[in-house]
Amino acid sequence: MITDSAFLDVKALALISTTSATVSANTLAGGGIVIAHSRGADVASNVVSDADPAAIRVTKGSDQTRIAGNLILRGAVGIFVDQASQTTTIAQNTLAAQTRSALQLDKIGCAQVSENLVAQGRGAGLSLSATGPVSVAGNAILNNAGPGILVRAQTTQARVQITGNLLSGNHEGLRGATAGRLTLTGNDLEGQLPRLFAGDLAPRTFAWLEDRRSHGPTRRWIDPAAPCADDR
């Protein structure tokens with residue numbers, strides 16, 4: 001357990017090959033938190049600023065990691081999950097002013113991204129690439145210079161559910177490039193008009209506008225279904 005501590009101008013606070021580690025209520029400036037080849041880590045309620053390359057990174061096949069309630073300011077990537085990590089929960093974090101993607105999931109298994117606030121970054125709010133099943137539900141993604149959500153390089157079997165999110169003021173709402181099996185339900189895109197969809201997802205613009213004309217602005221709601229099997 002690493003709690004209530006300050007780490008200033010260090011490269012990283014790294015936990016490698018751990019089980020059920022807790023990293024909570026710490027302050028880090030100039031360096032990030034790395035969870036590598038670990039199981040059951042809980043990273044919660046930390047304040048991380050100006051980290052490069054990532055404020056919180058989950059890597060090297062880590063499993064059942066929970067990242068919740070953290071405040072992440074500036075830096076390159078906010079939360080980065082990669083290298084076949086599995087069953088990752090990212091919930092109720094606040095990320096602002098990252099220079100790259102605020103949330104980046106790359107070559108991983110299942111993940112759940114819910115109720116995060118992502119704002120004013122210079123890249124994408126959320127970037128998904130070559131993932132397994134992912135649920136993106138109930139997030140607010142606002143005023144990013146890149147797309148609110150970017151989905152690319154997915155296999156035809158990669159199920160991504162984007163449900164009940166608020167996207168407003170981003171360069172475009174959702175951009176796709178080989179987006180895989182993508183489901184969009186109940187998202188509020190009123191603040192994205194007219195830049196709703198781009199790339200492979202551009203053809204969805206007409207269907208969304210038709211639905212809006214028939215049923216009015218989409219209201220936010222959250223699908224409780226989780227994409228990961230409960231194997232704990």
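Buried means under 20% relative accessible area, exposed means over 50%, and partly exposed is in between, with a 1.4 Å probe and protein chains only. Strands (E, at least two residues) and helices (H or I, at least four) are DSSP runs numbered from the N terminus.

This is a predicted model: local features need pLDDT of at least 70, side-chain atom pairs count only at pLDDT 80 or more, and totals for chains, interfaces and linings use all residues. Residues are numbered from 1 along each chain as its sequence is written, and side-chain values use heavy atoms, with hydrogens and water left out.

**Exercise 1. Work out how strand E6 is covered and which strands it pairs with.**

Step 1: start with burial. Strand E6 spans residues 32–36, and four of its five residues are buried, so call it mostly covered.

Step 2: look for partners, where two strands pair if DSSP finds at least two bridges between them. E3 and E6 are parallel and share five bridges, with leucine 15 partnered by isoleucine 35 in E6. E6 is also joined to E9 by four bridges, again parallel, and here valine 34 faces arginine 57 in E9.

**Exercise 2. Put E6 into its sheet: what is the strand order, and which strands sit at the edges?**

Step 1: follow the pairing along. You get nine strands in an open, parallel sheet, ordered E3-E6-E9-E12-E15-E18-E21-E24-E26.

Step 2: pick out the edges. They are strand E3 (12–16) and strand E26 (197–199), each of which pairs on one side only.

Step 3: get the twist, which averages 10° from one strand to the next. For such angles, axes are lines fitted to C-alpha atoms (for helices, over the stretch in contact), and angles run from 0 to 180 degrees between N-to-C directions.

Step 4: check a pair further along. Strand E21 (residues 149–152) and strand E24 (residues 174–177) run parallel with four bridges, and valine 151 has glycine 176 as its bridge partner in E24.

**Exercise 3. Do the same for the sheet that holds E14.**

Step 1: write the order. This open sheet has eight strands, E2-E5-E8-E11-E14-E17-E20-E23, and its pairing is parallel.

Step 2: find the edges, strand E2 (6–8) and strand E23 (166–168), each pairing on one side only. The twist averages 5° from one strand to the next.

Step 3: zoom in on E14. Three bridges tie E14 to strand E17 (residues 117–119) in parallel, and threonine 94 is matched with leucine 117 in E17.

**Exercise 4. Trace glutamine 112 through its bridge partners.**

Step 1: go to E13. Strand E13 (residues 88–91) and strand E16 (residues 111–114) are parallel, with four bridges, and threonine 89 stands opposite glutamine 112 in E16.

Step 2: go the other way. E16 is linked to strand E19 (residues 134–137) by four bridges, also parallel, and there glutamine 112 has serine 135 as its bridge partner in E19.

**Exercise 5. Is leucine 128 buried or exposed, and what does it touch?**

Step 1: place it. Leucine 128 belongs to strand E18 (residues 126–129), and its relative accessibility is 0%, so it is buried.

Step 2: list the contacts, meaning heavy atoms within 4.5 Å. Leaving out residues up to four places away in sequence, leucine 128 touches Leu105, Val134, Val136, Leu150, Val151, Arg152, Gln154 and Val160.

Step 3: add a distance. Leucine 128 and glutamine 104 are 24 residues apart in sequence, yet 6.2 Å apart C-alpha to C-alpha.

**Exercise 6. Which residues have the most contacts inside the largest nonpolar core?**

Step 1: set the rule. A nonpolar core is a set of buried Ala, Val, Leu, Ile, Met, Phe, Trp, Tyr and Cys residues joined through side-chain atoms within 4.5 Å.

Step 2: read off the result. The largest core has 45 residues, and Ile33, Ile79, Leu105 and Ile149 have the most contacts inside it. Strand E9 (residues 54–59) supplies the largest share, three residues.

Step 3: inspect one of them. Beyond four places in sequence, leucine 105 contacts residues including Val81, Ile90, Leu126 and Leu128.

**Exercise 7. Summarise the whole chain: how many helices and strands are there?**

Step 1: count. The protein chain has one helix and 26 strands.

Step 2: check burial. Buried residues account for 51% of the 232 residues.
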